[in-house]
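Reader: I would like a close look at a single part of this model, the strands that pair with one another, and then an account of how that part sits within the rest of the chain. Please take it step by step and keep to what the coordinates support.

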Amino acid sequence: MFKLRTVIGLTGNIGTGKSTVLGILYQFGACTIDADMIAHQVIQPGGRAYDAVATTFGGEILDKGGAIDRTKLGQIVFDNPDRLQVLERIVHPAVFEQISSELAEATEAVIVIEAIKLLEAGMSITLCDQVWVVTTNEEQQVQRLMESRNMSRDAAEARMMSQSPQAFKISQADVVLDNSGNLDALTAQVKIAWDALEIEPQLI
């Protein structure tokens, strides 16, 4: 039976290839929403979370123009789980509100929300019909972070360890996409999952 609209929550740990899957789904005709990009937007001056973040973390995180320096903010929170939780309690509701607004305006039959904290922030329950999780092996994660983000091995491994276990995300998934192979293999998996959605053809 054809569905009129499906909202997919796309998640996975850092370096697994979520953005690659999001791009494939965009090519297939989905409306794509990048929660990480929205999280950046809401802490910019005038954004939904700017005032609260600036007040909570103080002037030391602001640049000369008054914008939040994400590098300085990151140095405070990524090595301090308590401060990270404070930041997330501010930013997650603002991201949720922005995503909800974009969902209300979207006309596509398939909408994909890519969010690394999709499960932890509760978006999978309140906004999504399905959860898709991208996985890969740990060594590939490390190599991708070293190559794409110029991280040292120690920094890459520390960032990976700061996230919820991959097994937890898999346990919550409706679809698991294994990105330990090449792009063609990943695309084939996404195509199978896409076809299984049974979306009304003329709406895509």
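Author: In this predicted model, Thr32 has its bridge partner in strand β3, namely Val112. Thr32 belongs to strand β2, which covers residues 31-34, and the pairing of β2 with β3, residues 110-114, is parallel and extends over four bridges. The two faces of β2 are unlike in their cover, for Cys31 and Ile33 form a covered face, whereas Thr32 and Asp34 lie on an uncovered one. Thr32 is thus a residue of the uncovered face that has a bridge partner in β3.

Strand β3 also pairs with strand β1, again in the parallel sense, and here the number of bridges is five. Within that pairing, Thr6 of β1 stands opposite Val110 in β3. Taken together, β3 is paired with β2 and with β1, and both pairings are parallel.

Strand β1, residues 6-11, has six of its six residues buried, and this holds on either side of the strand: Thr6, Ile8 and Leu10 make up one covered face, while Val7, Gly9 and Thr11 make up the other. In β2, by contrast, one face is covered and the other is uncovered. Besides its pairing with β3, β1 is joined by four bridges to strand β4, residues 130-135, and these two strands also run parallel. One of the residues involved is Thr11, whose bridge partner in β4 is Val133. If one follows the pairings from one strand to the next, β2 leads to β3, β3 leads to β1, and β1 leads to β4.

The covered face of β2 brings up the cysteines, since Cys31 is one of its two residues. Cys31 counts as buried because its relative accessibility is 16%, which falls under the 20% cut-off. Its sulfur has as its closest cysteine sulfur that of Cys128, yet the two are 12 Å apart, which is too far for a bond. Seen from the other end, the sulfur of Cys128 likewise has that of Cys31 as its closest, at 12 Å, and Cys128 is itself buried, at 12% relative accessibility. A disulfide is a covalent bond between the sulfur atoms of two cysteines, and a search of the whole structure finds zero of them.

Turning from the strands to the helices, one finds charged side chains that meet in salt bridges, of which there are six by the rule used here. One of these joins Glu139 and Arg153, with an N to O distance of 3.0 Å. Since Glu139 lies in helix α7, residues 138-148, and Arg153 in helix α8, residues 153-161, this pair ties together parts that are 14 residues apart in sequence. Arg153 also forms a salt bridge with Glu157, where the closest N and O atoms are 3.6 Å apart; both of these residues lie in helix α8, four residues apart, or about one turn of the helix. Glu139, Arg153 and Glu157 are accordingly linked in a network of salt bridges. Each of its members is partly exposed, Glu139 at 39% relative accessibility, Arg153 at 32% and Glu157 at 32%.

Another salt bridge is that between Lys191 and Asp195, whose closest N and O atoms are 2.8 Å apart. These two are four residues apart in helix α10, residues 183-195, and hence separated by about one helical turn. Lys191 is partly exposed, with a relative accessible area of 36%, as is Asp195, at 43%.

As for the chain as a whole, its secondary structure comes to 10 helices and five strands, and buried residues make up 43% of its 204 residues. Of the contacts with a separation of 6 or more, 74% are between residues 24 or more positions apart. The C-alpha trace spans about 55 × 40 × 25 Å along its principal axes, and the radius of gyration is 18 Å, which agrees with the value near 17 Å for a compact globule with 204 residues. The exposed area of the chain is about 10800 Å², of which carbon and sulfur atoms supply 52%.

Notes:
Residues are numbered from 1 along each chain as its sequence is written. This is a predicted model: local features need pLDDT of at least 70, side-chain atom pairs count only at pLDDT 80 or more; totals for chains, interfaces and linings use all residues. Side-chain values use heavy atoms; hydrogens and water are left out. Buried means under 20% relative accessible area, exposed over 50%, partly exposed in between (1.4 Å probe, protein chains only). Two strands pair if DSSP finds at least two bridges between them. A salt bridge is a side-chain nitrogen of Lys or Arg within 4 Å of a carboxyl oxygen of Asp or Glu. The radius of gyration is taken over C-alpha atoms; the globule rule is 2.2 Å times the number of residues to the power 0.38. Contact means heavy atoms within 4.5 Å. Accessible areas come from the Shrake-Rupley method with a 1.4 Å probe; for residues, only the protein chains shown count as cover. A disulfide is a pair of cysteine sulfur atoms within 2.5 Å.
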